[in-house]
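Here's a quick briefing on the empty spaces in this protein. Have a look at the structure first, then read on for what lines those spaces.

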Amino acid sequence: MKVCVIGTGYVGLVTGVCLAHIGHDVICIDNNENKVNLMKQGQSPIYEPGLSELMRSSMDSGRLSFSTDLGAGVNHGEILFIAVGTPPLPTGESDTRYVEAVAKGIGANLNGGYKVIVNKSTVPIGSGDWVRMIVLDGLKERSGVSQGEGFTMREEAEACFDVVSNPEFLREGSAVYDTFNPDRIVLGGSSDQAIALMTQLYQPLINHEFSRNKSLPPVPVVVTDLNSAEMIKYAANAFLATKISFINEVANVCDRVGADVTQVAKGIGLDSRIGSKFLQAGIGWGGSCFPKDVSALIHTAEDYGYNTELLNAAVNVNKRQRVMAIEKLQQELKILKGKVVGLLGLTFKPDTDDMRDAPALNIIEELNRLGAKVKAYDPIVSQTGISHGLSGVIIESDASMLADGCDALVLVTDWQEFLELDFEKMAKVMKQPLIIDGRNFLDKRAIEELGFRYVGMGR
């Protein structure tokens, strides 16, 4: 099928590359010329395991191309994905101006033939009908039709499209795997024709043709109305964020009563009604999805006169959790002024270069305020040499240099390679061999045998 993906951020690029890999003819559109030129050379602008290889192979096969020409993309695609960013505004609501600009641009470039316009961006509930209105506004502007006037028969034919909501459930660091091994595919819309085309588009994924286990039953396809599909995305992320805040709350109680949250999480996670995922206590959630989506849902509820007390509490617990590492440093080192603290990891989670709303940013800010000298090592950030706007922090090129002269280390991101570090060597070059494990990631007993004072979260 012919597909156009508009926006080559995290969701758009992964979607476009993976759809090309499963056999579709995909053109990805972005208004950033430098970024498009980079991708035309086979270079991915984001770090995601496996993405660059798939991108280059799909380009070599002729199934994937990149352009800044929106008109060419609209012309090409029978299915048009809107996958631009919807960053949070200071109020907590989503900034939808990029979606609006794309929708109007699609309308201005419709040229006959049926199109399915797919909201892949995470958009406020009710955006499906709004996008349709904006597309029609773009078509009217191009056709010179005044507000309130109707279309000619030719213009009515050009307006032959339907809008579908198709939220993504990709985890950064596992996005390619998640695309080929989805838990479910959600399609929101009222048009049988549009739903049928979307089902056809995803048929190779539904049948597990690219899954690790091809013998699994077909992937469930959840067909809903537009509003329910949009709500599914927000509700899923809000639930997961709340689950993390819950176990962090339990961890803080464990610290006070002498229990070990890792054992508590294992015990409750074996209950099939609860499950073991997202029960890893630590320094809180961050990234581009959870904070934005939870805030947007809270804001939407407020617009309709409802106070989301549980979600507000989840956000407040998360804010407090980010400074728990600071509290533990103060308990161990007392005064932090003049101390040297090394951060293991900077990104909000492993296997990504994403620093958006990362807990590390709050920790750095607070350590700077308290007069500590901050150093950091991250497998991706240290390689790129890009500071991501970090101030008051020295980026080291390896973990040994990070440990040299430190009064304490704080494990911020649970990169797998941190399990292989030479902690014995690192302990010897530190002023004080203290480590705060902000993710309960390391083997407490093994670390202590290497000479460290180990402090976990809720342990």
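Helices here are DSSP runs of H or I, at least four residues long, numbered from the N terminus. Keep in mind that this is a predicted model. Two spaces get a look below: an open pocket and a closed cavity.

**The second largest pocket**

- The second largest pocket holds about 960 Å³ of space.
- Its lining takes in 39 residues, and those closest to the centre of the pocket are Ala83, Val84, Gly85, Thr86 and Arg356.
- Three helices each chip in at least two lining residues: helix 1 (10–21), helix 5 (97–109) and helix 13 (290–303).
- Helix 13 provides the largest share of this lining, with four residues.
- Sorted by class, the pocket lining is made up of 17 nonpolar, 13 polar and nine charged residues.

**The largest cavity**

- How many cavities of 30 Å³ or more are there? The count comes to one.
- About 50 Å³ of space sits inside the largest cavity.
- Around the largest cavity you'll find Asn119, Ser121, Thr122 and Val123, then Ser165 and Pro167, and finally Glu230, Lys233 and Tyr234.
- Helix 11 (residues 226–257) gives the most to the cavity lining, namely three residues.
- The class tally for the cavity lining is three nonpolar, four polar and two charged residues.

Technical notes: Residues numbered from 1 in each chain as written. Predicted model: local features only at pLDDT ≥ 70, side-chain atom pairs only at ≥ 80, totals over all residues. Heavy atoms only, no water. 1 Å grid on protein atoms, 1.4 Å probe; cavity = no way out; pocket = protein on both sides within 12 Å on 5 of 7 lines; lining within 4 Å. Points joined across faces, edges and corners; volume = space filled by probe spheres on them. Nonpolar A, V, L, I, M, F, W, Y, C, P; charged D, E, K, R; others polar.
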